[in-house]
Amino acid sequence: MKKSKKNKVLVIHGPNLHLLGKREPDIYGGYTLSQINKELKARAKKSNISIKIFQSNSEGEIVEEITNTQYDFLIINPAAYTHTSVAIRDALLGVDRPAIEVHLSNIYKREDFRKKSLISDVVLGVISGFGKTSYLLALEAAAGVLRNKSR
Ligand code: DQA
């Protein structure tokens, strides 16, 4: 039987997510970014997906990573840039790749400035409010979309 090519998923964690574990644990949970990444890698392996994970505090670096298009599907937590970044929005619009926006917290249940996302109307969907499970749900959704595409 022909071995099918592995789909590539890129996960981008935006600014300050490297502080998870010690950053406002009542809002973001007590787990570290490397614990989340470990779970994502294990889940990707089960779904036969190749996964690359990237964290940056810099808007420009995130734009570079999005527009390099070395991936079939993007999962992105733009963190604070969700609410401010026309550059990340334009990068997403500029590449022909499906994407999911992820948040650990429910941004619609927080301060007013967090309720506005510049990203949500240019991605396939948004998963917000389930802590680290938000990322795992996004990977599940990505696997489903990629499976349907390859049929
Ligand atoms: C966040 C929500 C943003 O409002 C915030 O700036 C973050 C994290 C989340 O995952 O809940 O840094 O994206």
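# A walk through the model

Let's start with a single residue: Ser85 is buried, at 0% relative accessible area (buried means under 20%, exposed over 50% and partly exposed in between, with a 1.4 Å probe and protein chains only). Before going on, a word on what you have in front of you: this is a predicted model, where local features need pLDDT of at least 70 and side-chain atom pairs count only at pLDDT 80 or more, while totals for chains, interfaces and linings use all residues. Residues are numbered from 1 along each chain as its sequence is written, and side-chain values use heavy atoms, with hydrogens and water left out.

Back to Ser85, then. You'll find Ser85 in the loop between β3 (73-77) and α4 (86-94); helices here are DSSP runs of H or I with at least four residues, strands are runs of E with at least two, and both are numbered from the N terminus. A polar atom of the Ser85 side chain sits 2.9 Å from the backbone nitrogen of Ile88. Setting aside neighbours within four places in sequence, Ser85 is in contact with Glu59, Leu118 and Ile119, where contact means heavy atoms within 4.5 Å.

Tyr31 is another buried residue to look at, with a relative accessible area of 19%. Look for Tyr31 in the loop between α1 (25-28) and α2. What does Tyr31 contact, leaving aside its neighbours within four places in sequence? The list is Leu20, Gly21, Ile36, Leu104, Gly131 and Lys132. For one of these, Leu20, the C-alpha atoms are 6.4 Å apart in space, and the two residues are 11 apart in sequence. With Lys132 there is some detail too: its backbone nitrogen lies 2.9 Å from a polar atom of the Tyr31 side chain.

Ile36, which we just met as a contact of Tyr31, also takes part in a helix pair. Two packed helices are described by the angle between their axes and the distance between the axes. Here helix α2 (residues 33-46) packs with helix α5 (residues 133-149) at an angle of about 20°, and their axes are 10 Å apart. That makes α2 roughly parallel to α5. For the terms, axes are lines fitted to C-alpha atoms, for helices over the stretch in contact, with angles running from 0 to 180 degrees between N-to-C directions; under 35 degrees counts as roughly parallel, over 145 as roughly antiparallel, 65 to 115 as roughly perpendicular, and the rest as oblique.

Who meets whom in this pair? From α2 come Ile36, Glu39, Leu40, Arg43 and Ala44, and from α5 come Tyr135, Leu136, Leu139 and Glu140. These contact residues divide into 6 nonpolar, no polar and 3 charged.

Now for a bit of backbone. Most residues other than glycine have a negative phi. Asn16 has a positive phi, near 75°, and Glu24 has a positive one of about 30°. Asn16 is in the loop between β1 (7-13) and α1, and Glu24 lies in the loop between β1 and α1 too. Are they buried or exposed? Asn16 counts as partly exposed at 32% relative accessibility, and Glu24 is partly exposed with a relative accessible area of 39%.

Our last stop is Val126, in strand β5 (residues 125-128). Val126 is partly exposed, at 33% relative accessible area. Not counting residues up to four places away in sequence, Val126 touches Glu101, His103 and Ser120. From Val126 to Glu24 there are 102 residues in sequence and 22 Å in space, C-alpha to C-alpha.

Definitions and conventions
Ala, Val, Leu, Ile, Met, Phe, Trp, Tyr, Cys and Pro count as nonpolar, Asp, Glu, Lys and Arg as charged, and the others, Gly among them, as polar. A polar contact is a pair of N or O atoms within 3.5 Å; within protein, one must be able to donate a hydrogen and the other to accept it, and residues adjacent in sequence count only if both atoms are side-chain atoms.
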